[in-house]
Amino acid sequence: MVYAKTELKLIQAVKENDEGALQELFENYRPLVEKNKRKFYAKDFDEADWDQEALIVCHQAVLKFNPKKGKFCTFFKKQLYNHNVSLLRYRKASRREGENLCMSLEALTEVNSSLIKEKSETMLITEELANDYLSDLSGTELKAFKIDLGKETLDELVKNGNWDKEKLKRAHSRAYKKFVNAIFEK
């Protein structure tokens, strides 16, 4: 029972914001953490990520732990398991499905570089397309488009050209819509 008294002292020290005690308590449960890591897989998680999550859970478990209701080991184990399940549920949610399907550009070039070339050629903005787009803009829309190009700011246009701020915002919106239409409809 000497170990239990030491554990309770560590728990109390952690509750008093002793980081060293937290680290020591965490290291005491390293085998439990390692076993728990092997039960779960997350695509972008490495060893350090799992350790960091486990350390956070350990700290939270200490703050919630009541020694009258059982052993810390059992409580921490259950908290860690539940946290990892929640973490994976969060990552697997349908609204984040796109994130799971994403691939880095480097990985994509290793797998299939012809796909990248094909996509980049279809998105090429030709001089003819640019001229058509620019000729379709009104004078106000052209001024507003200069904001996107970084040539002028909205405040500069309002101050120097006696332009109405709201009118420029609407013109900017129209110019943007025309740009999207020019790119994707031709």
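Is Glu16 buried or exposed? With a relative accessibility of 57%, Glu16 counts as exposed, because the cut-off for that class is over 50%. The model examined here is a predicted one, and this residue offers a convenient way into it. Glu16 sits in the loop that runs between α1 (2-15) and α2 (19-28). Together with Asp18, Glu19 and Glu24, Glu16 forms a negative surface patch.

A patch of opposite sign is also present. Lys35, Arg38, Lys39 and Lys77 make up a positive surface patch, and α3 provides the largest share of that patch, namely three residues. One of the patch members, Lys39, belongs to helix α3. Lys39 is partly exposed, its relative accessible area being 47%.

From the surface, the description can now move to the interior. In soluble globular proteins, nonpolar side chains tend to be buried together. In this model, the largest nonpolar core contains 20 residues, and Leu25, Cys58, Phe72, Phe76 and Leu80 are those with the most contacts inside it. Five helices each contribute at least two residues to this core: α1, α2, α3 (30-39), α4 (47-64) and α5 (72-92). Among these helices, α4 gives the largest share of the core, with five residues.

Charged pairs add another layer to the picture. Side chains of opposite charge can pair when their charged atoms come close. The structure holds 10 salt bridges, and three of the pairs are described here in turn, starting with Glu34 and Arg30. These two residues form a salt bridge in which the closest N and O atoms are 3.2 Å apart. Both belong to helix α3 and stand four residues apart, so about one helical turn separates them. Glu34 is partly exposed, with a relative accessible area of 25%.

The next pair joins two helices. Lys37 and Glu47 meet through their side chains in a salt bridge, at 2.7 Å from N to O. Because Lys37 lies in helix α3 and Glu47 in helix α4, this pair ties together parts that are 10 residues apart in sequence. How do the two partners stand in terms of accessible area? Lys37 is buried, at a relative accessible area of 9%, whereas Glu47 counts as partly exposed at 48% relative accessibility. The salt bridges around α3 also form part of a wider arrangement: Glu27, Arg30, Glu34, Lys37, Glu47 and Asp51 are linked in a network of salt bridges. Both of the pairs described so far, Glu34 with Arg30 and Lys37 with Glu47, have their residues in this network.

Further along the chain, a third pair can be followed. The side chains of Asp155 and Lys165 meet in a salt bridge, with a distance of 3.6 Å from N to O. Asp155 lies in helix α11 (residues 154-161) and Lys165 in helix α12, so here too the pair ties together parts that are 10 residues apart in sequence. Asp155 is exposed, with a relative accessible area of 52%, while Lys165 is partly exposed, at 36%. Helix α12, which holds Lys165, covers residues 165-185. Lys165 can also be placed relative to Leu154: the two are 11 residues apart in sequence, and their C-alpha atoms are 7.3 Å apart in space.

Conventions: Residues are numbered from 1 along each chain as its sequence is written. This is a predicted model: local features need pLDDT of at least 70, side-chain atom pairs count only at pLDDT 80 or more; totals for chains, interfaces and linings use all residues. Side-chain values use heavy atoms; hydrogens and water are left out. Patches are made of residues with over 30% relative accessible area and no salt bridge: like charges are joined within 9 Å, nonpolar side chains (Val, Leu, Ile, Met, Phe, Trp, Tyr) within 5 Å. Accessible areas come from the Shrake-Rupley method with a 1.4 Å probe; for residues, only the protein chains shown count as cover. A salt bridge is a side-chain nitrogen of Lys or Arg within 4 Å of a carboxyl oxygen of Asp or Glu. Lys and Arg count as positive and Asp and Glu as negative; His and the chain ends are not counted. The place of a charge is taken as NZ of Lys, CZ of Arg, CG of Asp or CD of Glu. Buried means under 20% relative accessible area, exposed over 50%, partly exposed in between (1.4 Å probe, protein chains only). A nonpolar core is a set of buried Ala, Val, Leu, Ile, Met, Phe, Trp, Tyr and Cys residues joined through side-chain atoms within 4.5 Å.
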